[in-house]
Amino acid sequence: MERTPLERLLALTSAPDALERTLDYLQKCIGQFLRRQERVLLCFTNRAPGSTGALLEEAIRRLGGQPVFWGPDFRWKSLLRQTFSSRATVIAGPPPVILGLTKVARATATPLYVRNVLLAGAPCTGWMLEGIQKGLDSRLWGCFDPGGSTVVAGFSCQNSLGIHVRESEYDVRIVDSTGIPVPTGTKGEITLTPRADPSLTWRTGYLGRFAQESCGCGAKTARIVDLSAAPGTDRVLTILEELLLSWTSVLDYRARQTECGLELEVITFPGLKVPKFPSCAKCTVRNWNSEQDAPFSFMPGWY
């Protein structure tokens, strides 16, 4: 059976020499803010070789940092407790998990010692960046790894949340629905073509645009801004995510399509104003149960 573009790309980027280049790149990027002996809490459940968590762990160790993985208890309560008790000054994880952490910390009036936040595992949208920035008095950094694996195609700098393209490894293009490149500054789907195999192009499923203005850091590489998920099979998720999670009163949600229509479950914090919920076949709204609730994104079968 012929492999998909992503499968081919993963095979290419998992080769020992390519993997070593990626680790060197991550060291250079993370070294912008990480101090020796600094504790880093990695909010990833996957520690398998080649995963985002495993790559970051190795890069942090090489820089002299102290990586600590969240777990084995993956409740929101545990994440908050571990962030506080470990006195981690750097945390890294998927944007929805980090956003949830900021909300739980606010709801419980728990002080955190975080100086820097590395958002990885999925591109972060503008409204989510804003929510995390408001929730944590920290600097935000972004790693563009749309496959959540060895495909690391960019990183942000200290001057901008836009993603500087890793041009030494990838030819990155912004295209329309037919695959034709769009004018600079126009939003479209992000595609990656590895320089090691120009015959391979992967459509990432994420939208963005090339920034027209130069970056204050002085880097000459192309910069991608205004990231979001592309319309498609996850369109319902994309709409619901902003509709619900942009509210500080909503910690988490999950949704699924049934024969009767959309089924939705929403977790809120008591005493706060909540958004207007969409029409659906079944809508369950309940308060956060600190003894039971874990991120819904860890659970299969739902959006």
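A salt bridge is a side-chain nitrogen of Lys or Arg within 4 Å of a carboxyl oxygen of Asp or Glu. In the predicted model described here, such a contact is formed by the side chains of Arg 254 and Glu 265, with an N to O distance of 2.9 Å. Arg 254 belongs to strand S12 and Glu 265 to strand S13 (residues 261-268), so the pair ties together parts that are 11 residues apart in sequence. Arg 254 and Glu 265 are both buried. Elsewhere, salt bridges with shared partners connect Glu 20, Asp 24, Glu 58 and Arg 62 into one network.

Over the whole structure, 22 salt bridges are found. One of the pairs consists of Glu 189 and Arg 203, whose side chains meet at 2.9 Å, N to O. This pair links distant parts of the chain, with Glu 189 in strand S9 (residues 188-194) and Arg 203 in strand S10 (residues 202-210), 14 residues apart. The partners can be placed by their accessibility: Glu 189 is buried because its relative accessible area, 15%, is under the 20% limit for buried residues. Arg 203, with a relative accessible area of 34%, is partly exposed. A further salt bridge joins the side chains of Asp 73 and Arg 75 at 2.7 Å, N to O. In this pair Asp 73 has a relative accessibility of 26% and therefore counts as partly exposed, while Arg 75, at 18%, is buried.

Not every buried charged residue has such a partner. Glu 241, located in helix H7 (residues 235-245), is buried yet has no salt bridge. The nearest side chain of opposite charge is that of Lys 103, 10 Å away. That separation exceeds the limit for a salt bridge, because the nitrogen has to lie within 4 Å of the carboxyl oxygen. When neighbours within four places in sequence are left aside, the contacts of Glu 241 are with Pro 96, Trp 127, Met 128, Ser 246 and Tyr 253.

Pro 96, Trp 127 and Met 128 also take part in the packing of two helices, with Pro 96 in helix H5 and both Trp 127 and Met 128 in helix H6. Two packed helices are described by the angle between their axes and the distance between the axes. For H5 and H6 (residues 126-135), the axes come within 9 Å and cross at roughly 35 degrees. The crossing is left-handed. On the H5 side, the contact involves Pro 95, Pro 96, Ile 98, Leu 99, Thr 102 and Arg 106; on the H6 side, it involves Trp 127, Met 128, Gly 131, Ile 132, Lys 134 and Gly 135. By residue class, this contact comprises seven nonpolar, three polar and two charged residues.

Helix H5 (95-107) is also among the elements that cover the buried residues of helix H4. In H4 (residues 76-85), the buried positions are Trp 76, Ser 78, Leu 79, Leu 80, Gln 82 and Thr 83. Their cover further includes strands S1 (39-42), S2 (66-69), S3 (90-93) and S12 (250-258). Within strand S1 lies Leu 42, which counts as buried because its relative accessibility is 0%. Apart from neighbours within four places in sequence, Leu 42 is in contact with Gly 53, Leu 56, Glu 57, Ile 60, Pro 67, Val 68, Phe 69, Trp 70 and Ala 92. Leu 6, by contrast, lies 36 residues from Leu 42 in sequence and 25 Å from it in space, C-alpha to C-alpha.

Several backbone features stand out. Gly 71 and Pro 72 are joined by a cis peptide bond, with omega at about 5 degrees. Pro 72 is situated in the loop between S2 and H4. Just after H4, Arg 87 takes a positive phi of about 55 degrees, in a residue other than glycine. Arg 87 is part of the loop between H4 and S3 and, with a relative accessible area of 51%, is exposed. A positive phi, near 60 degrees, also occurs at Asp 226, again in a residue other than glycine. Asp 226 is located in strand S11 (residues 223-229) and is partly exposed at 43% relative accessibility.

Terms used: Residues numbered from 1 in each chain as written. Predicted model: local features only at pLDDT ≥ 70, side-chain atom pairs only at ≥ 80, totals over all residues. Heavy atoms only, no water. Buried < 20%, exposed > 50% of the residue type's maximum accessible area, 1.4 Å probe, protein only. Helix = DSSP H or I, 4+ residues; strand = E, 2+ residues; numbered from the N terminus. Contact = heavy atoms within 4.5 Å. Axes fitted to C-alpha atoms, helices over the stretch in contact; angles between N-to-C directions. Left-handed = near helix turned anticlockwise from the far one by under 90°. Nonpolar A, V, L, I, M, F, W, Y, C, P; charged D, E, K, R; others polar. Lys, Arg positive; Asp, Glu negative; His and termini not counted.
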